[in-house]
Amino acid sequence: MEKQLGHPLSQCYQCGKCSAGCPAAYTMAEPPNRIIRFLQLGLYDRALSQNSYWVCSSCEMCTARCPRNVEIKEIMEVLRHDAFRRGITSGEAPVPAFHKAFLKTVEWFGRLYEPGLVLLNNLLSGRFFKDFTAAPGMFFKGKLKLFPGRGADNAAVRRIFKYSREEAPRGEV
Amino acid sequence: MKFSYYPGCTLHSTAAEYDLSARAVCKTLGIELVDVPGWACCGATSAHSVNELLAYALPAHTITSATENAVVAPCAACYNRLRYTDVRLREDAHLRGEVESAMGRPYRAGVAVRHLLDVIANDVPEEEVKTKLQGTLGGVKVVCYYGCLLTRPKDVAAFDDMEEPRTMDRLMELCGADVLDWPHRVVCCGAAFSLSRTDVVYHMTGKLIASALRAGADAVVVACPMCQSNLDLRQPAIVKRLGIKERLPAVYFTQLMGMCMGYSSEELGFKKIMVDTSALIKKIKTGRAEAPAAAEG
């Protein structure tokens with residue numbers, strides 16, 4: 001299991017400090033220390049079927065505070081990559097849909113383009129009018145641009161995306 | 001002092017006021033910023049969530065495109081991704097090889113990746129900052145919010161303590177703010193869930209807003225556009241959920257520093273903040289006017 005994940009697990013003695021400090025644990029089906037426990041026991045599919053790694057905000061509080069230097073956030077990431085590749089959403093479909101929408105806009109424009117991101121995100125997650133009410137206020141404050149910005153090295157960005165996509169099984173974008 | 005400047009996507013849109021105020025403060029402090037030519041998005045949370053190679057190749061493109069020997073990022077998320085990339089590519093030759101194949105050119109190792117807060121607080125001597133201050137913040141009460149990516153993990157983001165950072169507190173004190181203690185300085189705001197699990201942002205950022213108000217803050221000072229956006233843009237929905245009437249402006253540390261360097265609130269983009277900042281600006285000006293009188297009395 002450690003080999004499969006690329007990160008050591010055995011030093012974890014289940015103190016639960018990661019879960020105590022995790023700001024997203026409240027909405028996880030199983031908190032971080034339990035995910036580590038599943039993996040210690042070889043229950044990989046059980047870990048992958050939880051929503052925990054999708055609602056992990058990658059804030060690194062767990063890794064920072066772990067007294068045994070378990071790379072909890074990195075392990076969550078390995079699960080996320082695998083789930084994304086295999087289309088496993090564990091009840092959190094809008095989260096991977098957002099990542100997909102975000103990266104599509106970056107691939108197209110080289111940089112983030114918020115109106116495009118919101119539209120694509122709503123389309124992919126099936127929530128068509130989400131966050132529309134915030135747009136006019138932001139626009140008048142000069143916080144939203146109608147058109148994507150220029151200046152990014154688009155050819156370089158597209159090349160990176162193409163290469164990264166072909167490098168399966170790391171993930172698909 | 002000359003740095004390559006990597007504004008990152010948000011400073012050209014939702015965090016335009018951070019860009020305005022960062023450039024203004026750097027100009028006054030004699031920090032020359034040269035934009036990285038052809039810079040691209042760092043990939044943010046989405047890239048490292050789904051594709052490891054992409055998460056390193058996108059920041060590597062920007063680092064390699066930098067024309068100076070150090071690149072400064074005002075966004076904590078960009079900073080973290082660029083630092084991560086540099087650390088990993090220097091220790092893992094195989095990964096570096098893959099990233100170079102993805103980019104189609106060699107990675108430029110040896111470019112120092114710095115956060116703007118680190119540069120302003122640690123490269124400019126305190127005495128020199130003092131000589132540039134024309135006014136103070138008039139004892140306005142603030143809490144400094146560092147969030148997650150500015151200080152973690154410790155071997156990547158290494159300029160301050162990851163549990164009890166003080167860099168921003170020190171700068172704000174120098175500018176004459178009354179910096180309050182509060183327990184949420186390094187707790188995550190929910191960042192990338194703003195569009196996918198907005199309820200998670202309401203929950204996490206709600207805790208921050210409630211905590212800052214409990215501490216008695218007039219404003220929360222930030223150094224990250226993600227934090228600012230969640231604290232500011234999502235605040236109306238959050239205070240409604242919390243059932244509170246108060247509002248808490250979330251301002252960039254560069255905006256408050258700029259206020260003390262003779263820039264107007266318009267020049268520093270205060271009007272671009274969604275939550276009304278007029279009471280805060282008034283408080284700073286009143287406090288400033290009263291301070292000499294108080295000293296005499």
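**Figure 1. A:Val95 is a buried residue of chain A****.** In this predicted model, A:Val95 has 28 C-beta neighbours inside 10 Å. The cut-off for burial is 20 or more, so A:Val95 counts as buried. The residue sits in helix H8 of chain A, which covers residues 94-109. Which residues does A:Val95 touch, leaving out those up to four places away in sequence? The contacts are A:Trp54, B:Ser196 and B:Arg197. A:Val95 therefore pairs burial with contacts to both chain A and chain B. A:Val55 is 40 residues away from A:Val95 along the chain. Their C-alpha atoms are separated by 7.8 Å.

**Figure 2. Chain A and chain B meet through 52 and 47 residues, respectively****.** Six helices of chain A each supply at least two residues of the side that touches chain B. They are H6 (61-65), H7 (72-86), H8, H9 (114-125), H10 (134-140) and H11 (154-166). Which helix gives the most to this side of chain A? H8(A) does, with 8 residues. This is the helix that holds A:Val95. By class, the side of chain A that touches chain B has 26 nonpolar residues, 13 polar and 13 charged.

**Figure 3. A:Cys66 lies in the loop between H6 and H7 of chain A****.** Is A:Cys66 buried or exposed? It is buried, because 21 other C-beta atoms lie within 10 Å. A:Cys66 touches A:Lys17, A:Cys18 and A:Ile72, with residues up to four places away in sequence not counted. A:Pro8 is 58 residues from A:Cys66 in sequence. In space, the two are 13 Å apart, C-alpha to C-alpha.

**Figure 4. Chain A has 11 helices and 0 strands****.** Its pattern along the sequence is α-α-α-α-α-α-α-α-α-α-α. The C-alpha trace spans about 50 × 35 × 30 Å along its principal axes. Chain A has 173 residues, and 41% of them count as buried. Take the contacts in chain A with a separation of 6 or more: 60% of these join residues 24 or more positions apart.

**Figure 5. Two domains of chain B are in contact****.** Domain 1 covers residues 2-118 of chain B, and domain 2 covers residues 135-288. Their C-alpha centres lie 23 Å apart. The contact involves 27 residues of domain 1 and 30 residues of domain 2. On the domain 1 side, H1 (16-29), H2 (44-50), H4 (76-91) and H6 (116-122) of chain B each supply at least two residues. H1(B) gives the most to this side, with 9 residues. The domain 1 residues that touch domain 2 divide into 16 nonpolar, 8 polar and 3 charged.

**Figure 6. Four parallel strands of chain B form an open sheet in the order S2-S1-S3-S4****.** Why do S2 (32-35) and S4 (112-115) of chain B each have one side without a neighbour in the sheet? Both stand at the edges with a single partner strand, so one side of each is left unpaired. Neighbouring strands are turned by 40° against each other on average, direction ignored. S1 (residues 2-5) and S2 of chain B run parallel and are joined by 4 bridges. B:Lys2 has B:Glu32 as its bridge partner in S2(B).

**Figure 7. Another open sheet of chain B has the strand order S6-S5-S7-S8****.** The pairing is parallel here too. The edge strands are S6 (178-179) and S8 (250-252) of chain B, and each pairs on one side only. S5 (residues 141-145) is joined to S6(B) by 2 bridges. The bridge partner of B:Val142 in S6(B) is B:Val179. Helix H8 (residues 167-174) of chain B packs on the sheet. This helix touches S5, S6 and S7 (219-222) of chain B. Its direction makes about 155° with that of S5(B).

**Figure 8. B:Met172 is among the residues with the most contacts inside the largest nonpolar core****.** The core has 158 residues. B:Val71, B:Val220 and B:Val221 share this standing with B:Met172. Which residues does B:Met172 contact, leaving aside neighbours within four places in sequence? They are B:Val142, B:Cys144, B:Ala177, B:Val179, B:Val221, B:Phe253 and B:Leu256. Two of these, B:Val142 and B:Val179, are bridge partners.

Notes
Residues are numbered from 1 along each chain as its sequence is written. Chains are lettered from A and ligands numbered from 1 in the order in which they are written. This is a predicted model: local features need pLDDT of at least 70, side-chain atom pairs count only at pLDDT 80 or more; totals for chains, interfaces and linings use all residues. Domain bounds come from an automatic or database domain assignment. Two residues are in contact if their C-beta atoms, placed from the backbone, lie within 7 Å. Ala, Val, Leu, Ile, Met, Phe, Trp, Tyr, Cys and Pro count as nonpolar, Asp, Glu, Lys and Arg as charged, and the others, Gly among them, as polar. A residue is buried if 20 or more other C-beta atoms lie within 10 Å of its own, exposed if 12 or fewer, and partly exposed in between; C-beta atoms are placed from the backbone. Two strands pair if DSSP finds at least two bridges between them. Axes are lines fitted to C-alpha atoms, for helices over the stretch in contact, and angles run from 0 to 180 degrees between N-to-C directions. A nonpolar core is a set of buried Ala, Val, Leu, Ile, Met, Phe, Trp, Tyr and Cys residues joined through C-beta atoms within 7 Å.
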